[in-house]
Amino acid sequence: MAKAIIIGSGIAGLATAIRLSCKGYDVEVFEANPYVGGKLSSFNLGSYKFNFGPQLLTMPHYIDELFELCGELPGDKFIYKKKEISCKYFWDDGIKLTAYSNKKKFFNEIEEVLKISTKDLKKYLQKSKRKYELTKKIFLENSLHKLKNFFNKETIIGLLNLNYLEINKTLADINEKQIQEPHLVQLYNRFATYNGSNPYQTPGIMSMIQHLENHYGTFVAKNGMGNISESLKELCIKHSVKIHLNSKVEKIEVKDKKAQGIMVKNKFHPSDLVISNMDIYPTYRYLLKKHKQPTKILEQERSSSAVIFYWGIKKKFPELDLHNIFFSNDYKQEFENIFEKFTVGEDLTVYVNITSKDNPTDAPDGCENWYVMVNTPFNNGQDWKVISNRIRENVIKKLNKLLKVRLEDLIEEEMTITPSEIEQKTMSYLGALYGTSSNSKISAFLRHPNFSRNISNLYFCGGSVHPGGGIPLCLMSAKIVSELIPKA
Ligand SMILES: Cc1cc2nc3c(=O)[nH]c(=O)nc-3n(C[C@H](O)[C@H](O)[C@H](O)COP(=O)(O)OP(=O)(O)OC[C@H]3O[C@@H](n4cnc5c(N)ncnc54)[C@H](O)[C@@H]3O)c2cc1C
């Protein structure tokens, strides 16, 4: 039986393992951590349960697909429900806006709260949908690095509509022109952060990101985001995939320009295929040290990172939901700080996620589990202890004012994660949340392909390679890799 070894058990590694096992391969996964999932994992702090990284679940049908591929009912293990409220938005000027997943309800809310017509917004959303439809086959669902994928009807139509995609304008510019109302402009600029980019640099094509949320909706996983990885791990084991935890891969063995297997704890594990799910940068720098390095790709600008406070709060806040955003007053300055000055200012946008709203057992009675996140630059050697202390102070000041409380008296459990800790825990280069940024208009072409051009039988999946970061795209990378690999 042909063998495939996967390095890393992030969401893309687990999905690739399942797909290759369904293709008849004998699959083994080697994971450095004592748990699976990488960024997509959960942990407990006292009586509170927290998701480590991702909180927003979109396009869960890509996860269902993995269960279906194995002839299983997804709903038995991976349970999720659609959210009626996608997000609650708060501004310092007192405006509060609830983004309902029901479009009519959301438009009514905008008209009532912001006192504007939604005619222009509807046009904008229609355009975003078209952008997604024009580009999904080229940029998301297939390898961008195989010539044959350019010779089909969808790609030709996409290329003929380049102007419509607005790649020569920034997301912020098109939002300002097409939406105009400042609160809504900021709200739609925010979608650049879904792949760790800067709305004032990323091209206008990125307005398609919000289409995924607006059209497909947002979801909440019943047993937490970490359960996605755990349920995929179970699916792997059921389908004879062997998972080795605490097994850091030290080298990819290559002979005659062909991957031969891997080295773990000085032991050689031979394999017909090697698929790396770890960040592309350390894959080359540490596991393929002596081989030709794709330097231009490896040196691409990284996405933003984050400082996260996990707080056990001994109070309930009925005015909040699962996802809540408290916007800064100067969004442009905030991104200039992150991407140009590599620092974090005083006036911050704060994301508060509370899973106990939907899964009450995630916090004790009368309490809530707050995951409080602020966007930051990637790890550039900054003093994160000093920065995170300052962020904590500013976040508390801001939330106290808007929620009329004294949060410092309500925090009974606490843990903080900074970009350098994200880097250590997930081995993501510079602690970037989403691999490389999408600030350049050609960034899609500057991500590493899902295969090696110089070493045969070597493949790559996950957030740092094509088509990019975020759970849905990582799952697409697994699909692309498995389609590039012939049946065993
Ligand atoms: C704070 C935060 C918030 C986020 N929010 C969202 C969100 O709301 N929605 C969303 O869709 N996405 C979000 N993301 C992004 C999303 O989490 C990632 O894009 C995705 O989980 C990356 O998956 P991956 O398959 O690339 O692997 P990773 O999760 O990066 O895992 C890679 C795995 O490889 C292992 N590994 C590394 N080196 C080795 C080695 N040498 N040997 C063996 N194993 C190794 C690591 O231990 C790790 O388990 C967020 C990320 C973070 C960190």
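Guide: A quick definition before we start: on a 1 Å grid over the protein atoms alone, a cavity is a set of points where a 1.4 Å probe fits but cannot get out. Keep in mind too that this is a predicted model.

Visitor: OK, how many cavities of 30 Å³ or more does the structure hold?

Guide: Rolling a probe the size of a water molecule over the atoms shows where empty space is left. With 30 Å³ or more as the bar for a cavity, the count for this structure is two.

Visitor: How much space lies in the largest cavity?

Guide: Look at its walls to find it: Ser86, Tyr89, Ala99 and Tyr100 are among the lining residues, and so are Phe191, Gln210 and Asn214. By class, that lining has seven nonpolar, four polar and one charged residues. The space inside the largest cavity comes to about 120 Å³.

Visitor: Which element gives the most to the lining of the largest cavity?

Guide: Four elements give two or more residues to that lining: β6 (85-90), β7 (96-100), α7 (182-189) and α8 (208-216). Gln210, Glu213 and Asn214 also appear in the list of lining residues. The top contributor, with three residues, is α8.

Visitor: And the second largest cavity: which strand gives the largest share of its lining?

Guide: This one holds about 60 Å³ of space. Its lining includes Asn51, Gln55, Phe219, Val220, Ala221, Met225, Leu322 and Asn359. Three residues of the lining, the largest share, come from one strand, residues 219-221, and that is β8.

Visitor: How many charged residues does the lining of the second largest cavity have?

Guide: Asp, Glu, Lys and Arg are what count as charged. The lining has names such as Asn353, Thr355, Leu57 and Gly224. By class, it splits into six nonpolar and six polar residues, and the charged count is none.

Visitor: Where does the second largest cavity lie with respect to the domains?

Guide: Domain 1 covers 3-81 + 223-300 + 439-484, and domain 3 covers 301-426. Both give residues to the lining, so the second largest cavity lies between domain 1 and domain 3.

Visitor: Let's go to the open spaces. Which helix gives the most to the lining of the second largest pocket?

Guide: The second largest pocket has a volume of about 360 Å³. Of its 19 lining residues, Asp92, Lys397, Lys398, Lys401 and Leu402 lie nearest the centre. The lining divides into seven nonpolar, three polar and nine charged residues. Six of the lining residues come from the helix that gives the most, residues 384-403, which is α13.

Visitor: Where does α4 bend?

Guide: Helix α4 (residues 119-140) has 22 residues and reaches 30 Å from its first C-alpha to its last, close to the 32 Å expected. Its buried residues include Leu121, Tyr124, Lys131, Leu134 and Phe139. The bend in α4 is about 40 degrees, and the spot is Leu134.

Visitor: How many residues of α15 are buried?

Guide: Buried means under 20% relative accessible area. In α15, the residues that pass include Ile471, Leu473, Cys474, Met476, Ile480 and Val481. The helix is largely enclosed by the rest of the structure, because of its 14 residues the number buried is 11.

Visitor: Which peptide bond is cis, with omega near 0 degrees?

Guide: Most residues other than glycine have a negative phi, and most peptide bonds are trans. Go to the loop between β19 (458-460) and α15 (471-484), where Pro467 is found. The cis bond leading into Pro467 starts at His466, so to speak: it is His466 to Pro467.

Visitor: Is Ser240 buried or exposed?

Guide: Ser240 is found in the loop between α9 (226-238) and β9 (242-244). Its phi is positive, about 65 degrees, although Ser240 is not a glycine. The cut-off to beat is over 50%, as that is what exposed means. Ser240 has a relative accessible area of 55%, so Ser240 is exposed.

Visitor: What is the relative accessible area of Asp256?

Guide: Asp256 lies in the loop between β10 (249-255) and β11 (258-264). Asp256 is not a glycine, but its phi is positive at about 50 degrees. Asp256 is exposed, and its relative accessible area is 72%.

Visitor: What separates the C-alpha atoms of His244 and Asn33?

Guide: His244 is found in strand β9, and is partly exposed with a relative accessible area of 24%. Along the chain, His244 and Asn33 are 211 residues apart, but their C-alpha atoms are separated by 9.5 Å.

How values were computed: Residues are numbered from 1 along each chain as its sequence is written. This is a predicted model: local features need pLDDT of at least 70, side-chain atom pairs count only at pLDDT 80 or more; totals for chains, interfaces and linings use all residues. Side-chain values use heavy atoms; hydrogens and water are left out. The expected span of a helix is 1.5 Å times one less than its number of residues. The bend at a residue is the angle between axes fitted to the seven residues ending there and the seven starting there. Buried means under 20% relative accessible area, exposed over 50%, partly exposed in between (1.4 Å probe, protein chains only). On a 1 Å grid over the protein atoms alone, a cavity is a set of points where a 1.4 Å probe fits but cannot get out, and a pocket is an open set with protein on both sides within 12 Å along at least five of seven lines; lining residues have an atom within 4 Å of a point. Grid points are joined across faces, edges and corners, and a volume is the space filled by probe spheres set on the points. Domain bounds come from an automatic or database domain assignment.
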